[in-house]
Amino acid sequence: MRNLMLIVVVLCVAPVVAQQETTVYLTIDQAPKAVFPGAEIERKDAASTSGFRDKLRAKLGRLQPTVWEPSYITFTARQHNAIIGYAVVVDELGKHDPITLIVSTGPDFKVRDVAVMVYRETRGGEIAQRRFLAQYKGKRGQDPIQLDRDIVGISGATLSAQGANRAVHKALAVLELVYGP
């Protein structure tokens, strides 16, 4: 009887454990080169002090993505000694686990490119596709960046798409705080 119970427990838990997936699309070294091909990249880590988090939350207002990172890895991209943009790596909650993205902007803080670096959910990975991520190009921090307003969602990936929206908002706010006037 005890062995039968053990087998039942293992069979019930095994599918849950097997569902956990992590897909790494870009490493921290590859990511800035992917969003700024051919540019000179300079890395700057921005500490997320309590004062910085307060400013970030105030800037984000009602959107309230998770603001928990101890620091933000940011990048400045240059070509021919001229700044062509900035980028930041952010994490934002999908359904259960964080999604790691890199968001790049031009010097005007309009989104230039977005790439998924690490996806940790079992469903919704379609948000890593170019056709979804291309919707963010040209977006600014004051844009809605919401499903059914200015972003078209993906069936079966609603929570991941909402997480990506929050991540882009957070990234834009971080870049403006770190590099803005």
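## Strand 4 and its neighbours

In this predicted model, strand 4, which spans residues 82-93, is mostly covered, with nine of its 12 residues buried. On one side of the pairing scheme, strand 4 is joined by seven bridges to strand 3 (residues 71-79), and the two strands run antiparallel. Within this pairing, glutamine 79 stands opposite alanine 82 of strand 4. The connection between strand 3 and strand 4 is a hairpin with two residues between the strands, and histidine 80, which lies in the turn, has a positive phi of about 55°.

Strand 4 is also paired with strand 5 (residues 98-105), again in an antiparallel arrangement, through eight bridges. Here valine 88 has valine 103 of strand 5 as its bridge partner, and a hairpin of four residues links strand 4 to strand 5.

## Packing of helix 3 against helix 5

Helix 3 (residues 50-60) packs with helix 5 (residues 158-179) at an angle of about 125°, and the axes of the two helices are 10 Å apart. Because of that angle, helix 3 is classed as oblique to helix 5. The crossing of helix 3 past helix 5 is right-handed.

Helix 3 contributes Phe52, Lys55, Leu56, Lys59 and Leu60 to the contact, while helix 5 contributes His169, Lys170, Ala173, Val174, Glu176, Leu177 and Val178. Sorted by class, the residues in this contact between helix 3 and helix 5 comprise seven nonpolar, one polar and four charged.

Notes: Residues are numbered from 1 along each chain as its sequence is written. This is a predicted model: local features need pLDDT of at least 70, side-chain atom pairs count only at pLDDT 80 or more; totals for chains, interfaces and linings use all residues. Side-chain values use heavy atoms; hydrogens and water are left out. Buried means under 20% relative accessible area, exposed over 50%, partly exposed in between (1.4 Å probe, protein chains only). Two strands pair if DSSP finds at least two bridges between them. Axes are lines fitted to C-alpha atoms, for helices over the stretch in contact, and angles run from 0 to 180 degrees between N-to-C directions. Angles under 35 degrees count as roughly parallel, over 145 as roughly antiparallel, 65 to 115 as roughly perpendicular and the rest as oblique. A crossing is left-handed if the near helix is turned anticlockwise from the far one by less than a right angle, and right-handed if clockwise. Contact means heavy atoms within 4.5 Å. Ala, Val, Leu, Ile, Met, Phe, Trp, Tyr, Cys and Pro count as nonpolar, Asp, Glu, Lys and Arg as charged, and the others, Gly among them, as polar.
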